[in-house]
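Biologist: I'd like to go through this one with you at the screen. Can you pull it up and take my questions in turn?

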2 protein chains.
Amino acid sequence: MSDLFAPLDDHPAYRQIANQIEQRIVERTLRTGDALPSETDLARQFGVNRSTIREAIRELEVHGLLGRGRGEKRLRVTRPEPRRVSSGVSRALALHDVTFLELWEAMMAIEPAAAQYAAARRTPAQLLGLTRASTRFKSDITDTAGAVAAVVDFFTAVAAASGNQVLALSQAPLNLLLVPTLTQLIDRVPQARARIQAAQSKIIGAIKQKKSEQARTWMEKHIRDFKRGYELEVPA
Amino acid sequence: MSDLFAPLDDHPAYRQIANQIEQRIVERTLRTGDALPSETDLARQFGVNRSTIREAIRELEVHGLLGRGRGEKRLRVTRPEPRRVSSGVSRALALHDVTFLELWEAMMAIEPAAAQYAAARRTPAQLLGLTRASTRFKSDITDTAGAVAAVVDFFTAVAAASGNQVLALSQAPLNLLLVPTLTQLIDRVPQARARIQAAQSKIIGAIKQKKSEQARTWMEKHIRDFKRGYELEVPA
DNA sequence: ATGGCAGAATTGTCGGACAGTCAGATTATC
DNA sequence: GATAATCTGACTGTCCGACAATTCTGCCAT
């Protein structure tokens, strides 16, 4: 069954260093907002060359554990933002040739749940974000790209209003995957805009009135509608 | 409202290079399995120093777009594996101090859906994977860590059997988050083992017989049970 | 084909270097 | 005294050159 010997993988120095720093961050020895020591200093501490430190830092930077504000020189410990992390997942999924059906099933699982909790917990500010995205969709009559972006923002706003970071982070990668399909949909299915607009209104209404079950139901219908539109459009 | 000028962010060379290579990969100019040119060669092509190339490469390596097999020297284009990508998401969530309730709600959204599709589409091999994880859970009577790992594997196996990569990739990050809670649960709630075991049997049975709705329902009950156990244990 | 081997190629790491820039201290100006 | 201009030091981004260890490759013998 299991092998007698495990393949020994020697971790290069830059990886070990990255792991060590990451651990300090995860265990909060280095706290969010703290400035990282300078590269030269780190090189001294770890007893390696600065080039090696830089390679290690690149890893953490990609993970979103380190970052720097606009025009800031020193690196600081940051909390990985959903967008940053989820873009990696999106790309991964894109490379795996995800089908629309797969995406749709995942949306069916996540978005209604998000809507339901959003109705239960949304703050006024979050509600405002929702209506704003919806308004933007209505006004983007000619610009397809703008309309698509507005739809994505709507979903994002719902997820944010759910007050659930896990759901929000699970939802985020779906957005990017949705873009290509949605673009075609809006472009080629005439009634798509009206239907989306109507659905968003219903959903917002339910969330506004804190009717969880209604919010979930409307969102389900909304997502189902996507599939219908897709099937309408694809055979053509 | 909006500023007249946008802050110009100069992308350092290593980032631009990373982006260019990434684009070649995403658009499939560089195809999965292809070997990347040597660092020296890349340095020549981009007209930069090898150190700069190396920093760029580190980024792509972290993203899982580049990798090398055991004992291989040259880097090859790889497809980002779910485990690799999801670990980043998990860490991000951990740093955001996710509550058990958040995790639980996400599980409630994703796992039943995965079970449902697994019942519809599982292959014999996937079914075997499920039973194997379940068996391992039964046999790990004393070892808590082993039992926890078996539970995680069970969820992973269900997600894999769903035949939906998006769901699988959405589910993966939940596993790591589940570990700490689950460990306590199994350790401190006496009846936990028996209940988990029973639930897994029911779920496997439903998936085996391709009864989607049943699979979903049993999974829902299973997840609900976690919350009950958690609430039982936490006030203590 | 298979196995073994020398040489070429490649990676990991190192040391040092330099221009550009950001932050803080210092000085000049109103 | 408050503000603006200037200086200084530290730090990052990038480059060059170098070397040991390991992998890859083509060639030879079996």
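Modeller: Sure. A residue counts as near a strand if one of its heavy atoms lies within 4 Å of that strand. Keep in mind that this is a predicted model.

Biologist: Fine. Which residues come nearest to DNA strand D?

Modeller: There are 20 residues around DNA strand D. Both chains are represented among the nearest ones, which are A:R50, A:R54, B:A13, B:N49 and B:T52.

Biologist: And what is the distance from B:A13 to a phosphate oxygen of DNA strand D?

Modeller: On B:A13, look at the backbone rather than the side chain, at an N or O atom. A pair of N or O atoms within 3.5 Å is a polar contact. Here the distance to the phosphate oxygen of DNA strand D is 2.4 Å.

Biologist: Which elements give two or more residues to the surface near DNA strand D?

Modeller: Chain B offers two helices, α1 (13–26) and α3. From chain A there is one to add, so to speak, and the full answer is α1 and α3 of chain B with α3 of chain A.

Biologist: Over to the other strand. How many residues surround DNA strand C, and how many of them are charged?

Modeller: DNA strand C is surrounded by 18 residues, with A:A13, A:N49, A:T52, B:R50 and B:R54 the closest. Sugar and phosphate make up 65% of the strand's atoms that come within 4 Å of the protein. By class, the surrounding residues are four nonpolar, five polar and, for the charged ones you asked about, nine.

Biologist: Which element gives the most to the surface near DNA strand C?

Modeller: At least two residues each come from α1 (13–26) and α3 (50–63) of chain A and from α3 (50–63) of chain B. With three residues, the top contributor is α3(B).

Biologist: How far is a polar side-chain atom of B:R50 from a base oxygen of DNA strand C?

Modeller: B:K73 also has a side-chain N or O atom by a base oxygen of DNA strand C, at 3.3 Å. For B:R50, the distance to a base oxygen is 2.8 Å.

Biologist: Last one: how are the two copies related?

Modeller: Chain A can be laid on chain B by a turn of 180° and a shift of 0.0 Å along the axis, with an RMSD of 0.1 Å. The two copies are therefore related as by a two-fold rotation axis. They also meet through the same surface, because 100% of chain A's interface residues are interface residues in chain B too. So the relation you asked for is a two-fold rotation axis.

Note on methods:
Residues numbered from 1 in each chain as written. Chains lettered and ligands numbered in written order. Predicted model: local features only at pLDDT ≥ 70, side-chain atom pairs only at ≥ 80, totals over all residues. Heavy atoms only, no water. Polar contact = N/O pair within 3.5 Å; in protein donor to acceptor, adjacent residues only side chain to side chain. Helix = DSSP H or I, 4+ residues; strand = E, 2+ residues; numbered from the N terminus. Nonpolar A, V, L, I, M, F, W, Y, C, P; charged D, E, K, R; others polar. Least-squares fit on C-alpha atoms with pLDDT ≥ 70 in both. Contact = heavy atoms within 4.5 Å.
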